[in-house]
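Open the model in your viewer and keep the selection tool at hand. The tour below goes stop by stop and says what to select at each one.

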Amino acid sequence: MKQEFLLGNGAIALGLLEAGCQIMTSYPGTPSSEILPEVVRFSKAAELNTSIEWSINEKVAFDNAFAAAISGKRAACCMKMVGLNVAADSFMSAAYIGNIGGLVIISCDDPGPHSSQTEQDSRLMARLGKVPVLDPSSPEEAREMIKFAFDLSEEFEVPVLVRPAIRICHARQNIKYNTLESNLTKADFKREPNRWASTPKFRFMQHKALNEKHVKISERFNTLTPFNMHTLEKKKSYPLGVITGGVPSSVIQDMFEEYERNDIPIMKLGAPYPFPEKLSSEFMDACEKVLVIEETDTVIEYMLRDKHKTLGRLTGHVPMEGELVPEKIEGILNKALADCKLVPLSDYDCGMEAAALVGELALPIRKPTLCPGCPHRASFYSIRKALPKAIFPSDIGCYTLGSNLGVVDTVLDMGAGITMASGFWNAYIQDDVKKPIVATMGDSTFFHSGTTGLINAVYNNSRFILVILDNHITAMTGMQPAITQGDRVDGSKGKAIALETIVKGCGIEYLKVVDPFDTKNMIQTVKDAAKYVNDPDGGIAVIISRHPCVIGFKDEAIPEKIEVNISDDCNDCGFCRKRFECPALFEDKDEEKTQVNKVLCAECGVCIQICPQHAIEKA
């Protein structure tokens with residue numbers, strides 16, 4: 001027996017391997033990013049035969065796992081909740097078609113949101129796709145649910161979704177486990193075109209079969225302890241009960257223990273869909289009112305039949321947005337208890353007093369910013385210097401922080417930097433206006449979902465500049481390897497894919513590669529690209545701004561360190577701090593000029609090139 005103090009994502013990874021997962025695929029995205037590397041770590045330590053890959057996007061990850069599952073192997077893919085949108089087409093079809101080996105999809109939600117575009121609830125996607133869903137309340141339970149999910153998936157031949165929220169993914173818990181062993185099940189795909197390649201007529205029949213499976217799974221979920229359970233005492237009625245699941249269920253149980261409140265029954269739904277109707281009816285019948293506390297949306301609340309008894313988001317008792325942190329849950333419980341003429345848990349003010357005290361400290365507000373020495377900062381400086389009046393559609397990645405530098409105007413989703421650029425061109429050219437447009441997108445995002453948009457733009461004669469910010473790594477989600485480098489997640493070598501080859505394959509004729517640290521050259525390159533875009537015989541211009549990430553490639557990124565000093569010519573104009581926004585530069589109010597924080601400085605020397613007063617010098 002071994003034990004480790006594991007991150008929730010590590011517990012999930014352990015559960016996958018304990019359950020005999022043979023194929024594991026993923027695309028990185030917080031809060032899911034650590035799952036696949038932990039699968040790699042455990043697999044290597046136990047010398048398992050697990051096949052593991054970072055896929056190019058979530059749909060590719062899903063399809064790879066699905067193919068393995070219909071070949072009879074146990075397979076899983078993981079992603080963050082907005083990644084499930086990318087895989088949605090396959091996800092919906094797979095529910096109808098079904099699988100042979102277990103197929104588990106892990107979609108990690110981000111209530112808050114802390115690092116995502118939305119607060120969408122993966123349980124709603126599961127309901128839309130008619131896929132059973134499990135909602136863990138702790139790392140240990142997430143591990144146990146993974147094993148149950150595989151068994152359920154194989155028994156009913158349906159995919160199963162597990163949706164840990166960020167507080168599960170990034171919590172830690174001591175986990176004990178035994179020696180891991182390889183699953184030696186052989187692939188055995190049996191041709192069955194009416195199922196695997198079914199036409200609409202057969203899809204109708206598959207839909208009917210799926211609905212029948214749901215009835216049986218719902219019955220199973222009625223007695224699925226400890227995932228689904230309540231604390232009712234027989235033949236006793238209550239003025240108020242609480243229905244919950246996922247992270248909030250752990251918080252509520254802790255609070256009731258702390259305040260010694262055994263007069264309020266709890267129903268926990270760790271497997272909320274297909275909805276356990278019988279279990280919920282028992283609970284509803286015993287309570288005059290029920291308070292539903294769930295993240296992030298109204299899944300359980302919508303499923304409950306008696307709306308007159310139900311308190312929750314739809315009655316204003318639970319906020320419609322934001323993470324349900326403990327202090328917020330305590331306030332929700334206190335309000336509901338008071339409304340039901342019951343003694344509140346406490347007189348806690350939901351943290352308002354603490355917030356007021358912090359506010360009185362007048363602490364400086366620090367917004368997120370690019371790292372010192374980040375090549376994206378130099379790229380954005382050059383783009384804005386060359387075309388200050390352009391529209392700047394961008395994308396999801398570290399470079400979203402280009403908004404601080406005034407060079408990111410829109411961020412919709414992955415791939416939209418290009419498609420929005422094309423849309424802006426269409427809107428303006430309809431008015432016979434040639435508006436300068438510069439789209440920015442990272443190398444990983446370009447491979448993920450940029451190519452289709454670029455091909456479409458070329459085909460439809462759009463005109464704009466695309467700057468691909470190639471830093472050799474997938475930086476924002478945890479420094480995962482880039483396709484351009486050929487390094488695979490398990491340390492083996494894959495076949496590197498050159499950006500230039502793909503860009504030219506999309507029909508691009510104008511392609512330049514620059515080093516953003518040479519700002520003079522990059523500024524001129526952007527200007528030249530603008531001329532090509534406006535030329536009657538021109539088209540879309542692509543610039544690859546290539547320089548290694550300063551965090552991921554410390555030695556390679558800055559091979560020659562350049563120590564800088566601020567001369568007396570500095571008039572404290574603030575351009576380097578406020579417009580170029582280097583964190584290593586700060587205002588020295590006593591000296592009335594900018595100074596260099598030697599601890600933070602990456603010694604890239606780019607600031608020498610951008611100072612309007614030429615006051616930053618090589619030491």
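Helices and strands here are DSSP runs numbered from the N terminus, a helix having at least four residues and a strand at least two. Keep in mind throughout that this is a predicted model.

**Stop 1: two cis peptide bonds**

Select the loop between strand 11 (266-269) and helix 12 (277-286), where Pro-274 is found. The peptide bond that leads from Tyr-273 to Pro-274 is cis, and its omega is near 0°.

Next select Gly-112 and Pro-113. The bond between Gly-112 and Pro-113 is also a cis peptide bond, here with omega near -20°. Pro-113 sits in the loop that runs between strand 5 (103-108) and helix 6 (122-129).

**Stop 2: two residues with positive phi**

Move on to the loop between helix 6 and strand 6 (133-134), the place of Lys-130. Lys-130 is not a glycine, yet its phi is positive, at about 60°. Is Lys-130 buried or exposed? Its relative accessible area is 24%, so Lys-130 counts as partly exposed, since that class lies between the limits of 20% and 50%.

Now select Glu-603, in the loop between strand 22 (593-596) and helix 24. Glu-603 is not a glycine either, and has a positive phi of about 60°. With a relative accessibility of 24%, Glu-603 is partly exposed.

**Stop 3: an open sheet**

Show strands 14, 15, 19 and 18 as a cartoon. These four strands form an open sheet in the order 14-15-19-18, with parallel pairing. Which strands are at the edges? They are strand 14 (438-442) and strand 18 (510-514), each of which pairs on one side only. On average, neighbouring strands of the sheet are turned by 20° against each other, direction ignored.

Strands of a sheet pair through backbone hydrogen bonds, in either a parallel or an antiparallel way. For one pair, look at strand 18 and strand 19 (residues 541-546), which pair in the parallel sense over five bridges. To find one contact point, select Lys-512: its bridge partner in strand 19 is Ile-543.

**Stop 4: helices across the sheet**

Add helix 16 (375-386) to the view. Helix 16 lies across strand 14, strand 15 (465-470) and strand 19, and runs at about 160° to strand 15. Then add helix 21 (residues 519-534), which lies across strand 15, strand 18 and strand 19. Helix 21 runs at about 175° to strand 18.

**Stop 5: the cavities**

Rolling a probe the size of a water molecule over the atoms shows where empty space is left. How many cavities of 30 Å³ or more does a search of the whole structure find? It finds four.

The largest cavity has a volume of about 140 Å³. To centre on it, select Gly-373, Phe-580, Cys-582, Cys-604 and Cys-607, which lie nearest its centre among the 19 lining residues. Helix 16 and helix 24 (606-610) are the elements that give two or more residues to this lining. By type, the lining holds 15 nonpolar, two polar and two charged residues.

Finish at the second largest cavity, with a volume of about 90 Å³. Select Cys-570, Cys-573, Cys-576, Thr-594 and Cys-611, the closest to its centre of the 15 residues that line it. The lining of the second largest cavity divides into ten nonpolar residues, four polar and one charged.

Conventions. Residues numbered from 1 in each chain as written. Predicted model: local features only at pLDDT ≥ 70, side-chain atom pairs only at ≥ 80, totals over all residues. Heavy atoms only, no water. 1 Å grid on protein atoms, 1.4 Å probe; cavity = no way out; pocket = protein on both sides within 12 Å on 5 of 7 lines; lining within 4 Å. Points joined across faces, edges and corners; volume = space filled by probe spheres on them. Nonpolar A, V, L, I, M, F, W, Y, C, P; charged D, E, K, R; others polar. Pairing = 2+ DSSP bridges. Axes fitted to C-alpha atoms, helices over the stretch in contact; angles between N-to-C directions. Contact = heavy atoms within 4.5 Å. Buried < 20%, exposed > 50% of the residue type's maximum accessible area, 1.4 Å probe, protein only.
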